[in-house]
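I opened the file today to take notes before going back to the bench. I wanted the overall build, then two local spots.

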Amino acid sequence: MSQEVADVPVRLVASCSLPTQWGTFDLHGFVDEAGKEHVVMSMGSFDDGEPVLIRLHSECLTGDALFSLKCDCGFQLEAALAEIARVGRGALLYLRQEGRGIGLINKIRAYHLQDQGADTVEANEQLGFPADMRDFSLVRDMLGALGIRRVRVMTNNPQKIETLEALGVEVVERVPLLVGQNPYNDGYMKTKAQKLGHLLR
């Protein structure tokens, strides 16, 4: 099943080399029409037409940088980069869509509501937001700038696959990314599966 996608122009503005604990990536900086900055960490060449291993990863400061156990985001980020480095070819698109699009401060407010018993969807809705406000259509120009047309996607989220297919990107395979489940995020993971349709098997 595909879905309609928005027209979100994103332009490549700078690239550099980025050594990491997993290996040296190429770091590409993009800016969208609202002035928000996004990056791609890539490794290898994509000009042979073979499917490229990718991940669309939405920013999660608490999980990615502050080591939160409330979600699986930081674990997924590290696992995806490690797998790209292992195969020597791929791209991680890091999208500035904190808190499923509601922003960092509202995410903290949502966490407070979760501390009081709301699940992750209910917390967003109690703050007046949809369950998920992210727009993955902005990856069209990012993938296009790197010459990526066929992909293997590391994701548990069917929405990402639907968006990629609607953008005309051929999804050859979904690669599950089942990492990071722990006692602190067990309810969060179950809610993602039951209410957001994530595939956690």
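My entries below go from the whole chain to one residue and then to one helix.

**Entry 1: the fold as a whole**

I first noted that this is a predicted model. I looked up the secondary structure and found seven helices and seven strands. I then read the order from the N terminus: β-β-β-β-α-α-β-α-α-α-β-α-β-α. The radius of gyration is 16 Å, and the globule rule gives 17 Å for 201 residues, so I put the protein down as being as compact as a globular protein of that length. I also took the box along the principal axes, and the C-alpha atoms fill roughly 50 × 35 × 30 Å.

**Entry 2: inside and outside**

What share of the 201 residues counts as buried? I got 48%. Next I checked contacts between residues at least 6 apart in sequence; 62% of these join residues at least 24 apart. The accessible surface came out at about 9800 Å². Carbon and sulfur atoms own 52% of that surface. I tallied charges too: 21 positive and 27 negative side chains. The centres of the two sets lie 3 Å apart.

**Entry 3: L95**

I went to strand β5, residues 90-95, where L95 sits. Is L95 buried or exposed? Its relative accessible area is 0%. Buried means under 20%, so I logged L95 as buried. Then I listed its contacts, leaving aside neighbours within four places in sequence. Among them are H38, L56, H57, S58 and E59. The list also includes F136, L138, V139 and M142. I took one distance as well: L95 and A14 are 16 Å apart, C-alpha to C-alpha, with their positions 81 residues apart in sequence.

**Entry 4: helix α6**

My last stop was α6, residues 158-166. Which of its residues are buried? I found K160, I161, E162, T163 and L164. What do the buried residues of α6 pack against? I wrote down two strands from the list, β6 (150-154) and β7 (170-175). Strand β4 (52-58) and helix α5 (139-146) are packing partners too.

I then checked both ends of α6. N157 caps the N-terminal end. A side-chain oxygen of N157 lies 3.0 Å from the backbone nitrogen of Q159. After the helix comes G168, and its phi is positive, near 90 degrees.

Conventions: Residues numbered from 1 in each chain as written. Predicted model: local features only at pLDDT ≥ 70, side-chain atom pairs only at ≥ 80, totals over all residues. Heavy atoms only, no water. Helix = DSSP H or I, 4+ residues; strand = E, 2+ residues; numbered from the N terminus. Rg over C-alpha atoms; globule rule 2.2 N^0.38 Å. Buried < 20%, exposed > 50% of the residue type's maximum accessible area, 1.4 Å probe, protein only. Contact = heavy atoms within 4.5 Å. Areas by Shrake-Rupley, 256 points an atom, 1.4 Å probe, with all protein chains shown as cover. Lys, Arg positive; Asp, Glu negative; His and termini not counted. Charge placed at Lys NZ, Arg CZ, Asp CG, Glu CD. Polar contact = N/O pair within 3.5 Å; in protein donor to acceptor, adjacent residues only side chain to side chain.
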